[in-house]
Amino acid sequence: MAKILNLIKDFIKKETVFTVAVLLAVISAFIVPPGKQYISYIDYRVLAILFCLMLLVAGLKEQYVFRRLGEKLTTLVKGARGLELILILLCFFSSMIITNDVALITFVPFALALLKGAGLEKRIIRVVTLQTIAANLGRML
C-alpha cells in the first residue's frame, strides 16, 4: 500500500499541472453538473487539425529538420541574444500570416530544440514566454 501511495505522490509531483487541471475539472462538475449538451461544445474539426499539426511538427523533429534549420540560423546570427530575437520575431511575423496558436505549435518546439542544442537551457522559459507574447501581439497587429 505504501508503494502505491509513493507512486501516486511521485506522479502528482511530476504532473502537477495535469493534477490541478483534473482536480479543478472535478470541482467544476459539481458546480455545473455535466449534461448532454456538453458533447456539442467540443469542436472536433479544430482538435483534428491541431492534432495533425502536432504530428507534422513531431515528424519534422524526427527528421532533424529543426536541427538543420537551427544550424543554419546559428551561423547567420551572432550571440545568444540575436538567436533569442530571431526566435521571438519568427513567432511575431508568422502569427500575422497564420494564427498565433499554430505559430506557437510550430516554433516553440523549434526554439526548444535550438536552445538545448546551443546549450542555452537557462533561456528557454524567457524565450517561450516572449514567443507567446509576440505571437499574440503579431496576431492582433
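**Exercise 1. State the accessible surface of the chain and the share of it that belongs to carbon and sulfur atoms.**

Solution. The accessible surface comes to about 10600 Å². Carbon and sulfur atoms hold 71% of that area. The values here and below were computed from a predicted model.

**Exercise 2. Describe the secondary structure and the overall dimensions of the chain.**

Solution. Step one: count the elements. The chain has eight helices and zero strands. Read from the N terminus, the order is α-α-α-α-α-α-α-α.

Step two: take the extents. Along its principal axes, the C-alpha trace spans about 55 × 40 × 25 Å.

Step three: set the radius of gyration against the globule rule. The chain has 19 Å, whereas a compact globule of 141 residues would have a value near 14 Å.

Step four: add burial and contacts. Of the 141 residues, 21% count as buried. Among contacts with a separation of 6 or more, 66% are between residues 24 or more positions apart.

**Exercise 3. Locate the mean positions of the positive and negative charges relative to each other.**

Solution. The chain carries 17 positive and 8 negative charges. The mean position of the positive charges and that of the negative charges are 3 Å apart.

**Exercise 4. Decide whether Gln 131 is buried or exposed, and find what its side chain reaches.**

Solution. Step one: place the residue. Gln 131 lies in helix α8, which covers residues 124–140.

Step two: apply the cut-off. Buried means under 20% relative accessible area. Gln 131 has a relative accessible area of 0%, so this residue is buried.

Step three: look for a polar partner. A polar atom of the Gln 131 side chain lies 3.2 Å from the backbone oxygen of Leu 87.

Step four: list the surroundings. With neighbours within four places in sequence left aside, Gln 131 is in contact with Leu 87, Ile 88, Cys 91, Leu 104, Phe 107, Val 108 and Ala 111. Leu 87 thus appears in this list and also supplies the backbone oxygen of step three.

**Exercise 5. Repeat the analysis for Ser 95.**

Solution. Step one: Ser 95 belongs to helix α6, residues 79–97.

Step two: the relative accessible area of Ser 95 is 0%, and therefore Ser 95 counts as buried.

Step three: the side chain of Ser 95 reaches the backbone nitrogen of Arg 139 at 3.3 Å.

Step four: residues up to four places away in sequence are not counted, and Ser 95 then touches Asn 100, Ala 103, Ala 134, Ala 135, Gly 138 and Arg 139. Arg 139 is one of these residues as well as the partner in step three.

**Exercise 6. Find the feature of the Tyr 64 backbone that deserves a check.**

Solution. Step one: Tyr 64 sits in the loop between α4 (44–62) and α5 (65–76).

Step two: its phi is near 60 degrees, a positive value in a residue other than glycine. Most residues other than glycine have a negative phi.

Step three: at 46% relative accessibility, Tyr 64 counts as partly exposed.

**Exercise 7. For Ile 27, Ile 39 and Leu 130, give the exposure class and one C-alpha distance each.**

Solution. Step one: recall the limits. Exposed means over 50% relative accessible area, and partly exposed lies between the buried and exposed limits.

Step two: take Ile 27, in helix α2 (residues 16–31). Its relative accessibility is 41%, so Ile 27 counts as partly exposed. Ile 27 and Thr 74 are 47 residues apart in sequence, and their C-alpha atoms are 47 Å apart in space.

Step three: take Ile 39, in helix α3 (residues 38–41). At 56% relative accessibility, Ile 39 counts as exposed. Ile 39 and Ala 29 are ten residues apart along the chain, with 14 Å between their C-alpha atoms.

Step four: take Leu 130, in helix α8. Its relative accessibility is 34%, so Leu 130 counts as partly exposed. From Leu 130 to Ile 31, 99 residues apart along the chain, the C-alpha separation is 35 Å.

Conventions
Residues numbered from 1 in each chain as written. Predicted model: local features only at pLDDT ≥ 70, side-chain atom pairs only at ≥ 80, totals over all residues. Heavy atoms only, no water. Helix = DSSP H or I, 4+ residues; strand = E, 2+ residues; numbered from the N terminus. Rg over C-alpha atoms; globule rule 2.2 N^0.38 Å. Buried < 20%, exposed > 50% of the residue type's maximum accessible area, 1.4 Å probe, protein only. Contact = heavy atoms within 4.5 Å. Areas by Shrake-Rupley, 256 points an atom, 1.4 Å probe, with all protein chains shown as cover. Lys, Arg positive; Asp, Glu negative; His and termini not counted. Charge placed at Lys NZ, Arg CZ, Asp CG, Glu CD. Polar contact = N/O pair within 3.5 Å; in protein donor to acceptor, adjacent residues only side chain to side chain.
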